[in-house]
Amino acid sequence: MRAWRDATREESGLRLAVIGKPVAQSLSPKMQSAALRELGVAGSYEAFEVEPEELRDCLSHLADCGFRGVNVTIPYKSPVAALCELEGSEAIETGCVNTVQFGEKWVGRNTDVAGFLHPIRTWPPGEALLIGAGGAAEAAAYALLTSGWSVSLWNRTAERAEELARRFSRFGSIQALVTPEEASADLVVSAIPAPGEENLFPVRFETLSRSAAIYDLAYAEGGTRLTRWAIEAGRRVVDGREMLVEQGALALEWWTGLTAPRPVMRAAIGLPPQEI
Ligand code: NAP
């Protein structure tokens, strides 16, 4: 992975990247590079680690070098939103941007909301327990509430959960919990990093109803520890790579005007080419 300052104007083709910190674990470069190859578009999709105080300089530099746009990951979705003209209710209402297109203005969209909903779009709305209150949790909360789910929210830092619940109460039924086990959930969404590591996932499966499904937004090739546990426990599971593909496909379609080759993108990150 090279440094963003090493990008130059001399490089040709459609130039794209994901920025964040940390970013080395992102599967986006693998997935989007496979998509560009499949589409026959000459170009590149890189990953750049950025320090918080460099964010504006990094975006200016990439725009000056001729990048078409960037994806934005942890922890910059809200700071980047503040630097962009926002397009779409998802970006405006969440104040989080995961996709930027450079031009005369920097335009920011949020494709995480649609990406999150895609794998559960046919599920009847019910009660969701959402763990976390960061950028991914905001996208998930907005998506769930605006599609009729009621949301109980728990976060390590309780004040952030309370603040998010207050801000989003205009979209539907949302409450912050003191302990996650107060909830009776049809769907548990984990929006914290690596929830299976060091027992970070705060809910015991035994406290959930048998039919409750687990949706882990964190992802890894081969699945996360949480998704593996949940499968072993006989749970219905949604893998975070499903969301990754859809948010990435929508970003690519915006940047290129072409239909994203979803089966190729899925296969590139270890998912079956067709949705199950
Ligand atoms: P973020 O804005 O930095 O928020 C992180 C959240 O995780 C906060 O709620 C934080 O709680 C919590 N957290 C962090 N470390 C924790 C720990 N040790 N124990 C308990 N809680 C902890 O990050 P984000 O953008 O929301 O991303 C969260 C996860 O979702 C990441 O793994 C990211 O890769 C994934 N994600 C996946 C997709 C996808 O397409 N599948 C899209 C977006 C994000 P505090 O408030 O207490 O700090």
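How far apart should the ends of the 17 residues of H9 be at 1.5 Å a residue, and what distance do the end C-alpha atoms show? The expected span is 24 Å, and the end C-alpha atoms of H9 are 24 Å apart, so the two values agree. The model discussed here is predicted. H9 covers residues 240-256, and it recurs below in the lining of the largest cavity and of the second largest pocket.

**Overall fold**

- The chain contains 10 helices and 12 strands. Its radius of gyration is 18 Å, close to the 19 Å that the globule rule gives for 276 residues, so the chain is as compact as a globular protein of that length.
- Along the principal axes, the C-alpha atoms occupy a box of roughly 55 × 35 × 35 Å.
- Buried residues make up 52% of the 276 in the chain.
- Of the contacts between residues at least 6 apart in sequence, 65% link residues at least 24 apart.

**Helix H9 and its end**

- H9 is mostly covered, with 14 of its 17 residues buried.
- Gly-257 comes just after H9 and has a positive phi of about 75°.

**The largest cavity**

- There is 1 cavity of 30 Å³ or more in the structure, and the volume of the largest cavity is about 30 Å³.
- Its lining consists of His-118, Glu-242, Val-245, Glu-246, Arg-262, Arg-266 and Glu-275. Two elements, helix H9 (240-256) and helix H10 (262-268), give two or more residues each to this lining.
- H9 provides the largest share of the lining, 3 residues.
- Sorted by class, the lining of the largest cavity holds 5 charged residues, 1 polar and 1 nonpolar.

**The second largest pocket**

- The second largest pocket encloses about 480 Å³ of space.
- Its lining is made of 21 residues, and those nearest the centre of the pocket are Pro-119, Val-237, Val-238, Glu-242 and Ile-276.
- Glu-242 is one of the residues that line the largest cavity, and it is also among those nearest the centre of this pocket.
- At least two lining residues come from each of H8, strand E12 (237-239) and H9.
- The lining of the second largest pocket divides into 8 nonpolar, 5 polar and 8 charged residues.

**Thr-227 in helix H8**

- Thr-227 sits in helix H8, which runs over residues 225-232.
- Its relative accessible area is 3%, and a residue under 20% counts as buried, so Thr-227 is buried.
- Beyond the neighbours within four places in sequence, Thr-227 is in contact with Asp-216, Val-237 and Val-238. Val-237 and Val-238 are also among the residues nearest the centre of the second largest pocket.

**Cis peptide bonds**

- The bond from Lys-21 to Pro-22 is cis, with omega near 0°. Pro-22 is placed in the loop that joins strand E1 (14-20) to helix H1 (28-39).
- A cis peptide bond with omega near 0° also runs from Ile-74 to Pro-75. Pro-75 belongs to the loop between strand E3 (69-72) and helix H3 (77-81).

Methods:
Residues are numbered from 1 along each chain as its sequence is written. This is a predicted model: local features need pLDDT of at least 70, side-chain atom pairs count only at pLDDT 80 or more; totals for chains, interfaces and linings use all residues. Side-chain values use heavy atoms; hydrogens and water are left out. On a 1 Å grid over the protein atoms alone, a cavity is a set of points where a 1.4 Å probe fits but cannot get out, and a pocket is an open set with protein on both sides within 12 Å along at least five of seven lines; lining residues have an atom within 4 Å of a point. Grid points are joined across faces, edges and corners, and a volume is the space filled by probe spheres set on the points. Helices (H or I, at least four residues) and strands (E, at least two) are DSSP runs, numbered from the N terminus. Ala, Val, Leu, Ile, Met, Phe, Trp, Tyr, Cys and Pro count as nonpolar, Asp, Glu, Lys and Arg as charged, and the others, Gly among them, as polar. Buried means under 20% relative accessible area, exposed over 50%, partly exposed in between (1.4 Å probe, protein chains only). Contact means heavy atoms within 4.5 Å. The expected span of a helix is 1.5 Å times one less than its number of residues. The radius of gyration is taken over C-alpha atoms; the globule rule is 2.2 Å times the number of residues to the power 0.38.
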